[in-house]
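User: Please take a close look at one part of this model, the largest pocket. I would like to know what lines it, and then what stands out in the backbone.

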Amino acid sequence: PNGERNLLEPHGVEFQVMATGFTWNTQDRDNDTAACLAVWEHARRMLADDQLDLVLLDELTYMVAYDYL
(Lines give C-alpha, C1' and ligand atoms only; values in the text may rest on other atoms or scores of the structure.)
Protein backbone atom coordinates (compact mmCIF):
# COMPACT_ATOMS: atom_id res chain seq x y z
CA PRO A 1 0.00 0.00 0.00
CA ASN A 2 0.98 3.61 -0.41
CA GLY A 3 0.14 6.75 1.52
CA GLU A 4 -2.23 8.15 -1.07
CA ARG A 5 -4.19 4.93 -1.28
CA ASN A 6 -4.30 4.51 2.50
CA LEU A 7 -5.70 8.01 2.86
CA LEU A 8 -8.17 8.15 -0.01
CA GLU A 9 -9.46 4.63 -0.64
CA PRO A 10 -11.51 4.57 2.61
CA HIS A 11 -13.35 7.61 1.18
CA GLY A 12 -14.40 5.77 -1.97
CA VAL A 13 -11.60 6.94 -4.27
CA GLU A 14 -10.91 4.31 -6.94
CA PHE A 15 -7.33 3.20 -7.41
CA GLN A 16 -5.84 1.20 -10.25
CA VAL A 17 -2.24 0.22 -9.64
CA MET A 18 0.24 -1.36 -12.03
CA ALA A 19 1.67 -3.30 -9.05
CA THR A 20 4.66 -4.85 -10.77
CA GLY A 21 7.34 -3.05 -8.80
CA PHE A 22 8.19 -1.28 -12.07
CA THR A 23 11.52 0.45 -12.46
CA TRP A 24 13.27 1.58 -15.62
CA ASN A 25 15.69 -1.33 -15.00
CA THR A 26 12.97 -3.89 -15.66
CA GLN A 27 13.55 -7.59 -15.24
CA ASP A 28 10.55 -8.52 -17.41
CA ARG A 29 9.68 -5.91 -20.01
CA ASP A 30 6.88 -7.96 -21.56
CA ASN A 31 5.14 -8.38 -18.20
CA ASP A 32 5.62 -4.71 -17.30
CA THR A 33 4.26 -3.64 -20.70
CA ALA A 34 1.19 -5.85 -20.30
CA ALA A 35 0.59 -4.47 -16.79
CA CYS A 36 0.97 -0.91 -18.06
CA LEU A 37 -1.51 -1.47 -20.88
CA ALA A 38 -4.02 -3.10 -18.52
CA VAL A 39 -3.88 -0.13 -16.14
CA TRP A 40 -4.08 2.27 -19.10
CA GLU A 41 -7.44 0.71 -20.05
CA HIS A 42 -8.74 1.61 -16.57
CA ALA A 43 -7.36 5.13 -17.02
CA ARG A 44 -9.13 5.51 -20.36
CA ARG A 45 -12.41 4.36 -18.81
CA MET A 46 -12.01 6.81 -15.95
CA LEU A 47 -11.07 9.71 -18.25
CA ALA A 48 -14.25 9.10 -20.26
CA ASP A 49 -16.45 8.98 -17.13
CA ASP A 50 -18.47 12.20 -16.78
CA GLN A 51 -19.07 11.37 -13.11
CA LEU A 52 -15.38 11.87 -12.29
CA ASP A 53 -14.07 15.38 -11.74
CA LEU A 54 -10.41 14.41 -11.42
CA VAL A 55 -8.26 11.53 -12.66
CA LEU A 56 -4.68 11.46 -11.41
CA LEU A 57 -2.25 9.50 -13.57
CA ASP A 58 0.66 9.33 -11.16
CA GLU A 59 4.02 8.73 -12.85
CA LEU A 60 2.48 8.26 -16.29
CA THR A 61 5.44 10.12 -17.77
CA TYR A 62 7.69 7.12 -16.98
CA MET A 63 5.44 4.81 -18.97
CA VAL A 64 5.59 7.18 -21.95
CA ALA A 65 9.29 8.05 -21.67
CA TYR A 66 10.35 4.41 -21.44
CA ASP A 67 8.04 3.40 -24.31
CA TYR A 68 5.66 1.17 -22.38
CA LEU A 69 2.68 3.23 -23.48
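Analyst: The pocket comes first, then two backbone angles. Keep in mind that this is a predicted model.

Start with size. The largest pocket has a volume of about 1,000 Å³. Its lining counts 32 residues. Closest to the pocket centre are Gln-16, Val-17, Leu-56, Leu-57 and Asp-58. Three elements each give two or more residues to this lining: helix H1 (3–8), helix H2 (29–47) and helix H3 (60–65). Among them, H2 supplies the largest share, with six residues.

Next, chemistry. The lining of the largest pocket holds 22 nonpolar residues. Five polar and five charged residues complete the lining.

Now the backbone. Most residues other than glycine have a negative phi. Two residues here go the other way. Glu-59 is not a glycine, yet its phi is positive, at about 65°. Glu-59 sits in the loop between H2 and H3. Asp-67 is the other case: its phi is also positive, at about 60°, and Asp-67 is not a glycine either. Asp-67 belongs to the segment after H3.

Is Asp-67 buried or exposed? The relative accessible area of Asp-67 is 59%. The cut-off for exposed is over 50%, so Asp-67 counts as exposed.

To recap, the pocket lining has 22 nonpolar residues, and H2 gives six residues to that lining. The positive phi values belong to Glu-59, in the loop between H2 and H3, and to Asp-67, in the segment after H3.

Methods
Residues numbered from 1 in each chain as written. Predicted model: local features only at pLDDT ≥ 70, side-chain atom pairs only at ≥ 80, totals over all residues. Heavy atoms only, no water. 1 Å grid on protein atoms, 1.4 Å probe; cavity = no way out; pocket = protein on both sides within 12 Å on 5 of 7 lines; lining within 4 Å. Points joined across faces, edges and corners; volume = space filled by probe spheres on them. Helix = DSSP H or I, 4+ residues; strand = E, 2+ residues; numbered from the N terminus. Nonpolar A, V, L, I, M, F, W, Y, C, P; charged D, E, K, R; others polar. Buried < 20%, exposed > 50% of the residue type's maximum accessible area, 1.4 Å probe, protein only.
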